[in-house]
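Reader: I've just opened this one and would like to know what the labels on it rest on. Can you take me through the reasoning, label by label?

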Amino acid sequence: MENKKTNKINVVIAVLLTITYFAFAIGFVYMYSISSFGGYNNYPTNSQVFARILLAIGIYAVLFVFYKLVSKLLSKFYAKQAEKAQNIANSINEFVTTNSLSINREIKTNLFSLLVADEQKRFILTNNVNGNCFMYNYSDLLDFEMKEDGDTVVKGRGLQTAVGGLAFGALGALVGASGQRAMTSMCSDLSVTLYLNNLDKPQITFQFINGSVAKTSLLYTMAQSQAKEMIGVLTAITAKSDKAQIQTQTEPTPALPSVADEISKYKHLLDDGAITQDEYDAKKKELLKL
């Protein structure tokens with residue numbers, strides 16, 4: 001329904017442009033014909049005016065055909081891009097469904113996306129170019145850092161910075177405990193890198209800005225906000241991973257039953273008639289290693 005509406009609008013626009021073009025073309029040709037023949041005192045013949053109108057129509061026809069060809073090529077290109085994007089999205093959704101994951105957070109860039117399944121304590125890194133998906137446990141995230149123009153802004157767990165502090169001003173100034181970095185009005189690189197417990201892909205970089213962008217622009221503000229959001233998600237993942245490891249380490253190990261407890265257990269079985277005296281004596285000797 002939406003496509004039909006769009007097509008109707010395009011047809012109306014094309015008709016209006018055609019009428020406007022012809023009105024200007026005929027008026028221009030007529031005025032040019034008069035001026036080229038010495039003004040209003042020497043009017044051109046009808047055949048001369050008609051010939052120039054035909055020339056204008058011919059030029060319009062060529063331009064119209066060129067426009068249609070370019071439009072058709074662009075339509076095919078965008079259709080293929082949309083189909084490719086849909087196939088990639090279907091591939092990612094199929095991966096999530098196959099692994100029975102419940103995604104409750106997603107951060108997307110041009111090349112990669114971060115999907116978080118907090119219930120299963122897993123996260124997925126997806127390649128948005130080919131649709132490949134890589135699944136990791138929370139504990140597989142070893143470290144991470146955020147860089148701006150080559151300088152580390154955030155490093156690893158606890159949001160510690162390389163210069164001991166973190167502050168974003170209107171121009172992107174970074175002030176830390178060790179001093180103040182010179183303020184700049186442009187940003188050419190803003191990225192977050194994940195370091196993973198994986199030999200095949202030990203690190204993956206999410207690029208939020210790759211090119212000169214003014215720090216007062218909306219694009220920079222949005223990219224910085226998205227990068228900070230990712231840092232927050234990664235911090236939460238590492239915090240939950242650390243908590244799970246601490247709980248595992250501090251859980252008391254169940255005490256093994258003592259020899260006296262085992263002998264007492266078999267004595268109760270003997271008293272209840274569940275085993276014979278010979279079976280009890282044999283088990284007692286086994287436990288006492290006689």
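Author: Let's start with rings. Rings of Phe, Tyr and Trp pair if their centres lie within 6.5 Å; planes under 30 degrees apart count as stacked, and over 60 as edge-to-face. Keep in mind that this is a predicted model. A search of the whole structure with that rule turns up 3 aromatic pairs.

Reader: What makes F77 and Y78 an aromatic pair, and of which kind?

Author: Their centres are 5.5 Å apart, and the limit is 6.5 Å, so they pair. The planes meet at 65°, and over 60 counts as edge-to-face, so that is the kind.

Reader: Are F77 and Y78 buried, partly exposed or exposed?

Author: Buried means under 20% relative accessible area and exposed means over 50%, with partly exposed in between. F77 has 47%, so F77 is partly exposed. Y78 has 53%, which makes Y78 exposed.

Reader: Why is the pair of F123 and Y136 called stacked?

Author: Here the ring centres are 5.5 Å apart and the planes stand at 25°. Stacked asks for under 30 degrees, so the name fits.

Reader: What does the pair of F123 and Y136 tie together?

Author: F123 belongs to strand β3 (residues 122–127) and Y136 to strand β4 (residues 133–137), so the pair links parts that are 13 residues apart in sequence. F123 is at 1% relative accessibility and Y136 at 4%. Under 20% means buried, so both rings belong to buried residues.

Reader: How do you know how many disulfides there are?

Author: A disulfide needs a pair of cysteine sulfur atoms within 2.5 Å. By that rule the count is 0. As for individual cysteines, C133 has a relative accessible area of 16% and C187 is at 1%; buried means under 20%, so both count as buried.

Reader: What share of the chain is buried?

Author: Of its 290 residues, 27% count as buried. The chain exposes about 19300 Å², and carbon and sulfur atoms supply 60% of that area.

Reader: Now the strands. How do you know that β1 and β2 pair?

Author: Two strands pair if there are at least two bridges between them. Strand β1 (residues 105–108) and strand β2 (residues 112–117) are joined by 4 bridges, so they qualify, and they run antiparallel. One of the links is between I107 and its bridge partner in β2, L114. A hairpin of 3 residues connects β1 to β2.

Reader: What makes β1 and β4 edge strands?

Author: Four strands form an open sheet, in the order β1-β2-β3-β4, with antiparallel pairing. β1 and β4 each pair on one side only, and that puts them at the edges. The twist from one strand to the next averages 15°.

Reader: Why are β6 and β10 called edge strands?

Author: They belong to an open, antiparallel sheet in the order β6-β5-β9-β10. β6 (151–155) and β10 (203–214) each have a single partner strand, so one side of each has no neighbour in the sheet. Neighbouring strands of this sheet are turned by 15° against each other on average, direction ignored.

Reader: And how do you know that β5 pairs with β9?

Author: At least two bridges are needed, and 7 join strand β5 (residues 141–148) to strand β9 (residues 186–196), so they pair; the two run antiparallel. Among the partners, L141 is matched with L196 in β9.

Note on methods: Residues numbered from 1 in each chain as written. Predicted model: local features only at pLDDT ≥ 70, side-chain atom pairs only at ≥ 80, totals over all residues. Heavy atoms only, no water. Buried < 20%, exposed > 50% of the residue type's maximum accessible area, 1.4 Å probe, protein only. Areas by Shrake-Rupley, 256 points an atom, 1.4 Å probe, with all protein chains shown as cover. Phe/Tyr/Trp six-rings, centres within 6.5 Å; stacked < 30°, edge-to-face > 60°. Axes fitted to C-alpha atoms, helices over the stretch in contact; angles between N-to-C directions.
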